[in-house]
Amino acid sequence: MRILSLDIGDVRTGVAISDAGGTVASPLDVLETRELLANGSLLQRVICDYDVEHVVIGLPLSLNGEEGPQARHVRSLAKKLLVGCGWIEHNDDISTDERVSFFDERFSSTEAKRVMADSRYTSKQMRGSLDKIAAAIFLQSYLEHLSHDEEKD
């Protein structure tokens with residue numbers, strides 16, 4: 001099962017994809033959030049091109065693990081993006097849709113910066129890639145979480 005992850009920000013949205021087996025995450029792209037909101041076909045094309053079955057959205061929880069204003073904002077943007085691309089209907093409750101998950105992405109940007117700095121990316125290169133690397137990092141954590149849950153069953 002291919003899973004798409006979105007690291008939604010006010011300016012940019014990082015996109016990552018899993019392999020068909022749902023075990024390895026790869027960075028895919030960084031798209032302008034405003035463009036995605038205005039043109040749902042951009043996200044729809046990614047979903048169709050990669051035969052996506054599930055979408056996981058990074059949720060910026062507070063340090064104590066609770067949802068604050070930024071997490072609520074991301075939920076709102078996520079719903080607009082997924083309605084705009086036709087993944088869900090406007091009146092659907094995104095939190096109960098089985099094809100959508102929210103996953104803690106608190107430290108993914110920090111980890112992405114560390115990984116990129118270790119790989120000697122310049123600040124300019126980081127700006128263009130940071131969001132997709134962060135999306136891949138939290139997607140990989142999500143995949144490992146799913147794998148761990150399956151092992152317990």
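1. Cys48 is a good place to start: at 56% relative accessibility, this cysteine counts as exposed. Please keep in mind while reading that this is a predicted model. The cysteine sulfur closest to that of Cys48 belongs to Cys85, and at 8.7 Å the two are too far apart for a bond.

2. Cys85 makes a nice counterpart. Its relative accessibility is 5%, so Cys85 counts as buried. If you were looking for disulfides, the structure holds zero of them. A disulfide would need the two cysteine sulfur atoms within 2.5 Å, whereas the sulfur of Cys85 is 8.7 Å from that of Cys48.

3. Now for the overall layout. The chain has five helices and five strands. Starting at the N terminus, the order of elements is β-β-β-α-α-β-α-β-α-α. There are 153 residues in the chain, and 42% of them count as buried. About 8,600 Å² of the chain is exposed, with carbon and sulfur atoms supplying 48% of that area.

4. A word on contacts across the sequence. Taking the contacts in the chain between residues at least 6 apart in sequence, 60% join residues at least 24 apart. Several of the residues described below give you examples to look up in the model.

5. Let us turn to the hairpin of strand 2 and strand 3. Strand 2 covers residues 12–18 and strand 3 covers 25–32. The two pair in the antiparallel sense, over seven bridges. To find the register, look for Val15, which stands opposite Asp29 in strand 3. Six residues lie between the strands of this hairpin, where Gly22 takes a positive phi near 70 degrees.

6. Thr23 sits in the loop between strand 2 and strand 3. With a relative accessible area of 48%, Thr23 is partly exposed. Leaving aside residues up to four places away in sequence, Thr23 touches Gln140 and Leu143. You can also compare Thr23 with the start of the chain: Thr23 and Met1 are 22 residues apart along the chain, and their C-alpha atoms are separated by 9.1 Å.

7. Follow the chain on to Thr33, which belongs to helix 1 (residues 33–38). Thr33 counts as buried, at 1% relative accessibility. What does Thr33 touch, not counting residues up to four places away in sequence? The answer is Gly9, Asp10, Val11, Arg12 and Thr13.

8. Asp51 deserves a look for its backbone. Phi of Asp51 is near 50 degrees, which is a positive value in a residue other than glycine. Asp51 lies in the loop between helix 2 (40–49) and strand 4. At 57% relative accessibility, Asp51 counts as exposed.

9. His54 is a helpful landmark in strand 4. The relative accessible area of His54 is 7%, so this residue is buried. Two polar neighbours are worth displaying. The side chain of His54 has a polar atom 3.3 Å from the backbone oxygen of Glu98. The side chains of His54 and Tyr142 are joined by a polar contact of 3.3 Å.

10. The list of residues that His54 touches is worth browsing too. Not counting residues up to four places away in sequence, this list includes Met1, Arg2, Ile3 and Leu4. Also among the residues touched by His54 are Trp87, Arg99, Val100 and Ser101.

11. Next, see how strand 4 (residues 54–59) pairs with strand 5: the sense is parallel, and there are five bridges. Leu59 stands opposite Asp104 in strand 5, which gives you a register mark. Between these strands the chain passes through helix 3 (residues 69–84), and this β-α-β crossover from strand 4 to strand 5 is right-handed.

12. Why is strand 5 largely enclosed by the rest of the structure? Strand 5 spans residues 100–104, and four of its five residues are buried, so the strand is largely enclosed. Val100 and Ser101 are among the residues that His54 touches, so you may like to display these residues together with His54, which is buried at 7% relative accessible area.

Key
Residues numbered from 1 in each chain as written. Predicted model: local features only at pLDDT ≥ 70, side-chain atom pairs only at ≥ 80, totals over all residues. Heavy atoms only, no water. Buried < 20%, exposed > 50% of the residue type's maximum accessible area, 1.4 Å probe, protein only. Pairing = 2+ DSSP bridges. Right-handed = clockwise from strand over helix to strand, strands pointing away. Polar contact = N/O pair within 3.5 Å; in protein donor to acceptor, adjacent residues only side chain to side chain. Contact = heavy atoms within 4.5 Å. Areas by Shrake-Rupley, 256 points an atom, 1.4 Å probe, with all protein chains shown as cover.
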